Amino acid sequence: MLKLENIEFSYGDIKILKEIDFHLNKNEFIGIIGPNGSGKSTLLKNISKLLNPDSGYIYLDKNLLNDYSFKELAKKMAVVPQDTKVNFNFSVYDLVMMGRNPYQDRWGRIQKEDKRKVKEAMELTDIVKFKDKSIQNLSGGERQRVIIARAIVQEPELLLLDEPTASLDINYQRNIFDLISDLNEKLDMSVLAVSHDLNLISQYCDRLILLKDGKIHSMGQVDDVITKKNISEVYNTEVDIKFNPFTERPYVIIVPRRKGNSKMINNDFSVHLICGGGTGKNIMNILNDLKVNVTCGVLNRGDSDWEEAKRLNFDIVEIPPFAPIDKKSVAKNEKKIKKADLVVVSGTPFGWGNLDNIKVLNNFKEKEIVFFDDNLDKRDFTDGEFTKILAEIEEKNTVYEVNTDKELCNLLNTKYEEIKYD
Amino acid sequence: MFNKLSYLHKILFIIVILLLVAVISLSFGSINLSPLRVMKVIFSQGDTSQSLNVIVKQIRLPRIILSFLVGAGLSIAGVVFQGVIRNPMVDPYIVGISAGAGTGVTLAIVLNLQFSFLFFNTLPLMAFFGSLITVYIVYNLAKTKDKVPVVTFLLAGVAVGFVLNALMSFLMVIGTRDLQKIIYWLLGSLSSSSWTDIKLMLPYFLLGNIIIVFFLKDLNLILLGETSAQHLGVDVEKSKKYLIVGASLVTASVVSVSGSIGFIGLIVPHIARMLVGPDHKKLYPTAAVLGGIFLIISDDLARILLSPMEIPVGIITALTGGPYFIYLLRKTKKEIW
């Protein structure tokens with residue numbers, strides 16, 4: 001039905017779409033999601049011929065999109081825009097009738113067929129009762145149904161929707177998506193809908209495309225796209241995934257900022273974090289939310305923990321990518337640890353490459369150290385050397401073990417109070 | 001009450017008013033005639049006196065027909081420009097047409113140009129080409145790649161208008177002895193109307209209208225926004241181009257014989273819209289007839305008020321149109337469309 005091959009698009013020098021490649025089968029319902037500025041709407045505009053891609057091909061039923069005239073295209077494809085405000089006093093009936101435009105001649109004479117189609121569409125969308133009202137006197141949800149009715153009378157094979165429920169109340173959101181789903185199933189329309197509401201669209205569509213920075217980050221069945229990993233990677237926020245018991249589709253829930261942060265608004269409390277390979281991301285966000293001073297090390301540049309620490313503007317002891325830890329950076333790291341009120345060790349595995357990050361702790365006495373995730377023996381890739389050092393550290397210092405983010409928060413709060421009232 | 005009538009009844013009603021106004025207007029003047037007498041003169045052959053025949057058929061009739069054409073033309077162009085630009089505050093002169101025509105005429109007067117083409121005089125020709133050249137420049141200034149964004153078009157029109165107005169003022173300062181002639185033209189007047197004027201403007205007037213009618217349906221869709229129109233199968237850029245060309249032709253043809261008569265192109269579309277709604281298939285004929293009526297009456301006033309002296313009709317339209325427009329603004333505020 002619709003096929004995109006290697007679409008690239010830029011506004012001026014800024015590349016908006018990169019290497020977009022996908023196809024939409026007949027009768028399929030695909031949802032496009034992604035954060036603001038990820039190129040969702042631009043992609044839709046390229047597909048609806050409002051914008052021309054810089055390179056790549058878009059096929060609609062085996063013909064190039066550019067080979068269609070606007071009139072021919074309007075018979076194959078209808079678009080429901082994000083903003084459906086109409087500034088003129090057209091009646092609902094007249095507005096729906098405008099959808100027949102591609103089937104009418106120059107003079108816009110209305111045939112019996114046109115009237116019949118308009119009547120059917122208005123019944124289907126349940127707007128017959130507003131027939132003679134001015135479009136300006138309708139609510140957002142009612143207006144959206146009028147615009148969808150207008151799209152229906154175009155008799156399209158493909159329906160494009162840009163944020164169809166962006167400004168609607170929850171009852172209308174359901175109503176509109178139920179309607180779209182009916183069009184997809186009963187009228188055999190293929191549907192491509194852009195939405196920022198992950199949960200809503202996930203309950204209805206067959207496949208999802210997740211965009212990030214103008215690229216397809218992931219694409220496929222809803223279950224495969226809506227995962228904790230994908231969503232937190234793309235949206236840079238912590239979420240949890242549950243399942244909607246009615247549809248058995250995944251459901252994203254937001255994990256709010258941790259409680260207790262209000263106590264720690266001062267940044268006279270310093271924490272040094274030892275992590276790597278992405279195991280420290282969550283902890284960094286917790287620490288960032290608590291607004292404490294954070295130092296990190298030693299991290300290889302390009303490591304995903306390094307990227308996150310960089311994003312959060314932490315003080316990092318860094319070394320080149322894949323380089324082993326050298327003596328100089330160990331010394332630097334030791335200095336930072338010395339200054340810290342608390343050391344946190346993430347659940348990262350330890351091998352010979354990063355063992356120095358742990359060894360350095362052995363130089364301290366009476367330091368407060370928090371080990372995250374106590375699955376320690378599984379993380380030892382040094383034939384027991386790591387475990388041995390760990391035992392030595394435990395003897396000389398105060399060691400805590402935490403297993404969840406929440407435990408870490410509580411512990412941090414207690415530690416902070418102690419220091420404050422000392 | 002009027003609003004409950006069907007569109008057909010409304011337009012018939014307005015046309016009847018037009019005919020009444022036309023006949024009454026034919027009776028006024030240096031010699032007052034009864035409407036019945038006027039009808040007799042028009043439809044009879046020869047048996048009335050020669051002088052009456054000349055007064056009615058050669059002096060008053062062309063003037064009233066021309067008034068109608070000018071009023072209708074300005075209103076039509078107003079409807080089109082307001083629709084294309086999707087802004088109710090736009091009149092046909094917004095794209096610099098009056099400034100262009102004015103500059104052409106001023107140039108001709110100051111330089112004392114005398115030429116004629118076929119049987120056309122210097123001033124109408126200069127006005128006509130002055131306006132068309134201006135629209136051409138404005139259009140091309142606004143063009144970026146293959147599109148003409150409405151806002152750029154508007155701004156280009158305003159900017160070019162300013163430049164031309166400055167040029168005009170400069171020419172006026174140089175040619176002070178012709179000042180009165182120039183100002184009289186700029187204010188707009190129908191006092192020297194003749195059948196020749198009608199012959200001069202009619203071809204362009206009709207051509208412009210044919211183009212407009214051809215794209216009238218698209219104008220409704222463009223009102224929904226250019227993207228929506230495109231999604232509904234309209235080649236927006238093409239329609240826009242033809243509509244602008246059509247409306248400019250109509251305006252240029254009108255300005256060439258009447259000077260720049262203000263306010264009609266701004267107000268009449270509003271009144272028509274209040275009567276029949278935003279559908280251009282209804283709006284176009286309604287605005288045309290209403291505009292015609294409006295200018296015929298204004299021209300009557302221009303002839304009668306300070307008789308035997310004539311006031312430029314542009315002053316009358318501005319004096320009646322301005323306050324009415326303010327009244328509309330205050331009354332409806334938001335719902336200008």
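## Sheets, helix packing and chain contact

Chain A contains an open sheet of 6 strands in the order S15-S14-S13-S16-S17-S18, paired in parallel fashion. The structure described here is a predicted model. At the edges of this parallel sheet stand strand S15 (315-319) and strand S18 (398-402) of chain A, each of which pairs on one side only, and from one strand to the next the twist averages 20 degrees. Within the sheet, strand S13 (residues 270-274) of chain A runs parallel to strand S16 (residues 342-345) of chain A, the two being joined by 4 bridges, and A:Val271 stands opposite A:Leu342 in S16(A). Helix H10 (residues 281-290) of chain A lies across S13, strand S14 (293-300), S16 and strand S17 (368-372) of chain A, and runs at about 170 degrees to S13(A).

Another open sheet of chain A, of 6 strands and with mixed pairing, has the order S6-S7-S8-S3-S9-S10. Because S6 and strand S10 (215-221) of chain A are the edges and have a single partner strand each, one side of each is left without a neighbour in the sheet. Neighbouring strands of this mixed sheet are turned against each other by 15 degrees on average, with direction ignored.

The table sets out one strand pair from each sheet.

| Strand pair (chain A) | Sense | Bridges | Facing residues |
|---|---|---|---|
| S13 (residues 270-274) and S16 (residues 342-345) | parallel | 4 bridges | A:Val271 and A:Leu342 |
| S3 (residues 29-33) and S9 (residues 207-212) | parallel | 4 bridges | A:Gly31 and A:Leu208 |

Helix packing is illustrated by helix H4 (residues 112-124) of chain A and helix H5 (residues 140-153) of chain A, whose axes come within 9 Å and cross at roughly 140 degrees. H4(A) is therefore oblique to H5(A), and the crossing of H4(A) and H5(A) is right-handed. On the H4(A) side the contact involves A:Lys117, A:Val118, A:Ala121, A:Met122 and A:Leu124, which meet A:Ala149, A:Ile152 and A:Val153 in H5(A). Sorted by class, the residues in this contact of H4(A) with H5(A) are 7 nonpolar, no polar and 1 charged.

Turning to the contact between the chains, chain A contributes 21 residues and chain B contributes 19 residues. On the side of chain A that touches chain B, the elements giving two or more residues are helix H2 (70-76) and strand S6 (77-80) of chain A, and H2(A) gives the most, with 3 residues. The residues on this side of chain A comprise 12 nonpolar, 6 polar and 3 charged.

Definitions and conventions:
Residues are numbered from 1 along each chain as its sequence is written. Chains are lettered from A and ligands numbered from 1 in the order in which they are written. This is a predicted model: local features need pLDDT of at least 70, side-chain atom pairs count only at pLDDT 80 or more; totals for chains, interfaces and linings use all residues. Two residues are in contact if their C-beta atoms, placed from the backbone, lie within 7 Å. Ala, Val, Leu, Ile, Met, Phe, Trp, Tyr, Cys and Pro count as nonpolar, Asp, Glu, Lys and Arg as charged, and the others, Gly among them, as polar. Axes are lines fitted to C-alpha atoms, for helices over the stretch in contact, and angles run from 0 to 180 degrees between N-to-C directions. Angles under 35 degrees count as roughly parallel, over 145 as roughly antiparallel, 65 to 115 as roughly perpendicular and the rest as oblique. A crossing is left-handed if the near helix is turned anticlockwise from the far one by less than a right angle, and right-handed if clockwise. Two strands pair if DSSP finds at least two bridges between them.
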